[in-house]
Amino acid sequence: MTSVSSALRAAAAPVWDASLAHPFVRGLGDGTLDETAFRSYIRQDYRFLIDYARLLSLGAARAPRVEWMRRFAGLASSVLEIELSLHRAFAGRWGVSIAELESERAAPATAAYADFLLRVASLGDFAELCAAVAPCMWGYAEIGVALAASATSDRYAEWIDMYASAEFGELAAWSRSLLDEVDGDVERMTEAFVTSSEHELRFWDAAAAPAPRPAAG
Ligand SMILES: Cc1ncc(C[n+]2csc(CCO)c2C)c(N)n1
């Protein structure tokens, strides 16, 4: 019998293939990605991470097992305490200031993804929350490993190496094990997993064609 995680991955395969083949993702690997688009992506991703930490915190609150609660709470804390500051330092190396990061408004694709995640976390059951969370961890690890194996430029190597790292691989494996162990309705989990995957794809679309920024003031 196939595992739940494999079934969800298979259901989302066309969307994941489109993400891997996306011009933004390819451009990270071959170095052709426009730096203005990358800077805009960094700013939007910073906003996304803040809401992602909210989602992880809701995961901690709703987890039926203390072991899962501890992991969600630990992840929320590491996003808030470590990843956001790494992101600020990384953004700084790309010429994006802290003031710019903190004043960035969420673009429609960012808001739609974050709102979807927080809606599932609030109104869905815990298994749906796990299915909605997983594409973020698992998908980025897959993209990181694929790019690390195929990259022809080191322009975006720091970004690629982060997501290709063993640490992110382990996180992806944990999100898969959660899908396989949690007690839930597979149809509803599939819906949440595929929808999250679609939002990941839309995030790349928006990153590739960032909207003009309203003047500050
Ligand atoms: C749109 C978007 N989707 C996924 C990630 C990757 N990611 C964000 S938080 C996290 C787990 C905790 O570190 C992972 C793997 C991202 N950065 N931006």
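Q: Which helices each supply at least two residues of the shell around the ligand?

A: In this predicted model, the helices that each contribute at least two residues to the shell around the ligand are α4 (35–62), α5 (66–93), α8 (126–150), α10 (166–181) and α11 (186–208). The largest share, four residues, comes from α4. The ligand is surrounded by 14 residues, and the closest are Tyr52, Cys136, Met137, Tyr140 and Phe203.

Q: How do the residues of that shell divide into nonpolar, polar and charged?

A: The shell around the ligand holds 11 nonpolar residues and three charged ones, with no polar residue among them.

Q: What confidence does the predictor attach to the chain and to the complex?

A: The mean pLDDT of the chain is 95, with 99% of its residues at 70 or more, while the complex is given an ipTM of 0.96 and a pTM of 0.96.

Q: How should one read the pattern of buried residues along a helix, taking α7 as the case, and which of its residues are buried?

A: The general idea is that an α-helix has 3.6 residues a turn, so residues three or four places apart point the same way. In α7, the buried residues are Ala109, Thr110, Tyr113, Ala114, Leu117, Val120 and Ala121. They lie on the same side of α7 because they cover an arc of only 130 degrees around the axis. The face turned away from this buried side carries the exposed residues Pro108, Arg119, Ser122 and Leu123, and what covers the buried residues of α7 includes α4, α8 and α11.

Q: What span does α7 reach, from its first C-alpha to its last, and what span does α11 reach?

A: Helix α7, residues 108–123, has 16 residues and reaches 22 Å, close to the 22 Å expected at 1.5 Å a residue. Helix α11, with 23 residues, reaches 33 Å, close to the 33 Å expected on the same basis of 1.5 Å a residue.

Q: Which residues of α11 are buried, and what covers them?

A: Among the buried residues of α11 are Met189, Phe193, His199, Glu200, Leu201 and Phe203; Phe203 is also one of the residues closest to the ligand. The cover over the buried residues of α11 includes α1 (4–11), α2 (13–20), α3 (23–30), α4, α7 and α8.

Q: Why is Ala60 classed as partly exposed?

A: Ala60, found in helix α4, is partly exposed because 18 other C-beta atoms lie within 10 Å, whereas a buried residue would need 20 or more. Leaving aside residues up to four places away in sequence, Ala60 touches Met69, Phe72, Ala73 and Ala76. The C-alpha atoms of Ala60 and Phe126 are separated by 9.9 Å, although the two residues are 66 residues apart along the chain.

Note on methods. Residues numbered from 1 in each chain as written. Predicted model: local features only at pLDDT ≥ 70, side-chain atom pairs only at ≥ 80, totals over all residues. pLDDT = per-residue confidence, 0-100. Near = placed C-beta within 6 Å. Nonpolar A, V, L, I, M, F, W, Y, C, P; charged D, E, K, R; others polar. Expected span 1.5 Å × (residues − 1). Buried ≥ 20, exposed ≤ 12 C-beta atoms within 10 Å, placed from the backbone. Arc of directions from axis to C-beta. Contact = placed C-beta atoms within 7 Å.
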